[in-house]
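Hi,

Here is the structure I promised to pass on to you. Have a look at it first, and then read on for what turned up in it.

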Amino acid sequence: MKLREKRDRQLAALKPLGELINSEKCTDWLAAELHAGSSPACPACGKAPTGSTLEKLQEGHRIRCQACGKGWNIWSGTLFEGAKITPVDFILMRVGLAGGLDFTGLMELTGRHAQCVTAWTKKIQEFDSSQKLGGHDGPE
Ligand SMILES: [Zn+2]
């Protein structure tokens, strides 16, 4: 199969996912993964938010630390801090990369510039290497 044809097939399979994926679930999943299952804590002092402040954080709002007053959000201190892409784009790119979609295909899939795709390809590799992939560590 020619490269262009392969890419077109991959894109035809992947593009509808952008519309089908639940944005809220993507955000929740990515935040939980980036915080490694522990509750998010202030990047400045380490104090975990509680009550309505925690709820606001989980809804995606920027909060003010109850202990030190620093403003931060759910992505602060993670590789998604300051990201210009959405969690849905992150998941799409990650699936595209895992499926062997080439650079041009990734740009087409997400509608992002080369610089952005280059940066996120690196960050996704960083993210993947911090995950336990395909291991059978425990008893089945
Ligand atoms: Zn703090």
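A word before the details: this is a predicted model.

A good place to start is the nonpolar core. The largest one has 18 residues, and those with the most contacts inside it are Phe90, Ile91, Leu92, Met93, Leu106, Leu109 and Trp120. Three helices, α5, α6 and α7 (114–129), each supply at least two residues of this core. The largest share comes from α5, which gives 5 residues.

That makes α5 a handy guide for the next part. How do α5 and α6 pack against each other? Helix α5 covers residues 87–98 and helix α6 covers residues 103–110; their axes lie 10 Å apart, at an angle of about 155°. Since angles over 145 degrees count as roughly antiparallel, α5 is therefore roughly antiparallel to α6. The crossing of α5 past α6 is right-handed. On the α5 side, the contact is made by Asp89, Leu92, Met93 and Gly96, while α6 brings Gly105, Leu106, Leu109 and Thr110. Sorted by class, the residues of this contact are 4 nonpolar, 3 polar and 1 charged. Leu92, Met93, Leu106 and Leu109 may look familiar, as they are among the residues with the most contacts inside the largest core.

Helix α5 also meets α3 (residues 23–34), with axes that come within 8 Å and cross at roughly 75°. That angle makes α3 roughly perpendicular to α5. From α3, the contact uses Ser23, Cys26, Thr27 and Leu30; from α5, it uses Pro87, Val88, Phe90 and Ile91. Here the classes come out as 6 nonpolar and 2 polar, with no charged residues. Phe90 and Ile91 are also on the list of residues with the most contacts inside the largest core.

Finally, a look away from the helices. Where does Lys70 lie? You will find Lys70 in the loop between β1 (63–64) and β2 (71–72). Is Lys70 buried or exposed? Lys70 falls in between: there are 14 other C-beta atoms within 10 Å, so Lys70 is partly exposed. Leaving aside neighbours within four places in sequence, Lys70 is in contact with Cys42, Ala44 and Cys65. Pro43 is worth finding too: Lys70 and Pro43 are 27 residues apart in sequence, and their C-alpha atoms are 8.6 Å apart in space.

Happy browsing, and do write back with any questions.

Best wishes

Key: Residues are numbered from 1 along each chain as its sequence is written. This is a predicted model: local features need pLDDT of at least 70, side-chain atom pairs count only at pLDDT 80 or more; totals for chains, interfaces and linings use all residues. Axes are lines fitted to C-alpha atoms, for helices over the stretch in contact, and angles run from 0 to 180 degrees between N-to-C directions. Helices (H or I, at least four residues) and strands (E, at least two) are DSSP runs, numbered from the N terminus. Angles under 35 degrees count as roughly parallel, over 145 as roughly antiparallel, 65 to 115 as roughly perpendicular and the rest as oblique. A crossing is left-handed if the near helix is turned anticlockwise from the far one by less than a right angle, and right-handed if clockwise. Two residues are in contact if their C-beta atoms, placed from the backbone, lie within 7 Å. Ala, Val, Leu, Ile, Met, Phe, Trp, Tyr, Cys and Pro count as nonpolar, Asp, Glu, Lys and Arg as charged, and the others, Gly among them, as polar. A nonpolar core is a set of buried Ala, Val, Leu, Ile, Met, Phe, Trp, Tyr and Cys residues joined through C-beta atoms within 7 Å. A residue is buried if 20 or more other C-beta atoms lie within 10 Å of its own, exposed if 12 or fewer, and partly exposed in between; C-beta atoms are placed from the backbone.
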